[in-house]
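This note is addressed to a colleague who has not yet examined the structure. Please read the points below with the sequence and the model in view.

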Amino acid sequence: MATQKEGSFVRWQCIRIAQFGHVANLILTFAVASLGFSVTLLQDLRHGRSAPCLLCIWAIADFALLGSIALGILCAMNRLWDFRETAQIARRREDLEQDGKLTRQEIDARLEYQREANRKRGELSWTLFYWQIGTFGVGIVFLLLAFVFSLLVNEGPVQV
């Protein structure tokens, strides 16, 4: 964690990075758990009556949840590459500063290409994150529909 001397921006940036990881991991965990629930739902559907549309709804849910899991893994890998590249840029900057042969502007110019590529990698992380959340949401909605429809098909109308 950043110290108070580093300023509020750096502290909040550290918090943002940590929270991004927590939320992405939470969605990934929920997607895996939902997929597990979906598999048990499929086993129930095999033993009871199941309409073809119910199986289609279930398939959409599973494909969306699998997509969310894949996007979550890609997001985590992309963030690791981002952190590794950031560390390499920082090390290269420190090496160039210690060498003492270049001015600050020359060092920045040499590192600009790497920094721009890394900025794009960071943007990709956010894009993957938003898609992860979106596909998870679609998967949950269709999983809930499949669950409710399976109750209605297998149990018949609710008696009051």
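1. Gln-88 is a convenient place to begin: this residue sits in helix α2, where helices (H or I, at least four residues) and strands (E, at least two) are DSSP runs numbered from the N terminus. With 41% relative accessibility, Gln-88 is classed as partly exposed. The classes are as follows: buried means under 20% relative accessible area, exposed over 50%, and partly exposed in between (1.4 Å probe, protein chains only).

2. A word on the basis of the values is needed here. The model is predicted, so that local features need pLDDT of at least 70 and side-chain atom pairs count only at pLDDT 80 or more, while totals for chains, interfaces and linings use all residues. Residues are numbered from 1 along each chain as its sequence is written, and side-chain values use heavy atoms, with hydrogens and water left out.

3. The overall architecture is as follows. The chain contains 3 helices and 0 strands, and its elements follow the order α-α-α from the N terminus. Buried residues make up 29% of the 160 residues of the chain.

4. Which residue of helix α3 may be set beside Gln-88? The C-alpha atoms of Gln-88 and Gln-114 are separated by 9.4 Å, although the two are 26 residues apart along the chain. Gln-114 belongs to helix α3. This residue is buried, because its relative accessible area is 19%. Gln-114 also pairs in space with Glu-85: the two are 29 residues apart in sequence, and 8.0 Å separates them, C-alpha to C-alpha.

5. A further pair concerns Ile-73, which is likewise a residue of helix α2. The C-alpha atoms of Ile-73 and Leu-28 are separated by 7.9 Å, with their positions 45 residues apart along the chain. Ile-73 has a relative accessible area of 42% and is therefore partly exposed.

6. The largest pocket deserves attention. On a 1 Å grid over the protein atoms alone, a pocket is an open set of points where a 1.4 Å probe fits, with protein on both sides within 12 Å along at least five of seven lines; lining residues have an atom within 4 Å of a point. The largest pocket encloses about 710 Å³ of space, a volume being the space filled by probe spheres set on the points, which are joined across faces, edges and corners.

7. How many residues line the largest pocket? The lining has 19 residues, and Gln-13, Arg-16, Ile-17, Asp-82 and Thr-86 lie nearest the centre. At least two lining residues come from each of α1 (8–47), α2 (52–99) and α3 (104–155), and α2 gives the largest share, 7 residues. By type, the lining comprises 8 nonpolar, 5 polar and 6 charged residues; here Ala, Val, Leu, Ile, Met, Phe, Trp, Tyr, Cys and Pro count as nonpolar, Asp, Glu, Lys and Arg as charged, and the others, Gly among them, as polar.

8. The surface carries a nonpolar patch formed by Phe-37, Val-141, Leu-145, Phe-147, Val-148, Phe-149, Leu-151 and Leu-152, with a combined accessible area of about 640 Å². Such a patch is made of residues with over 30% relative accessible area and no salt bridge, nonpolar side chains (Val, Leu, Ile, Met, Phe, Trp, Tyr) being joined within 5 Å; areas come from the Shrake-Rupley method with a 1.4 Å probe, and for residues only the protein chains shown count as cover. Helix α3 provides the largest share of the patch, 7 residues. Val-148 lies in α3 and, at 42% relative accessibility, is partly exposed.

9. Salt bridges number 5 in the structure; the term denotes a side-chain nitrogen of Lys or Arg within 4 Å of a carboxyl oxygen of Asp or Glu. One of them joins Arg-93 and Glu-97 (3.6 Å, N to O), two residues of helix α2 that stand 4 residues apart, about one turn of the helix. Arg-93 is partly exposed at 23% relative accessibility, and Glu-97 is partly exposed at 37%.

10. Another salt bridge links the side chains of Asp-108 and Arg-115 (3.1 Å, N to O); Asp-108 is partly exposed, with a relative accessible area of 27%. Arg-119 and Glu-116 also form a salt bridge, their closest N and O atoms being 3.1 Å apart. These two residues are separated by about one helical turn, because they are 3 residues apart in helix α3. Salt bridges with shared partners also unite Arg-93, Glu-97 and Arg-104 in one network.

Key: Patch = residues over 30% accessible without salt bridge, like charges linked within 9 Å, V, L, I, M, F, W, Y side chains within 5 Å.
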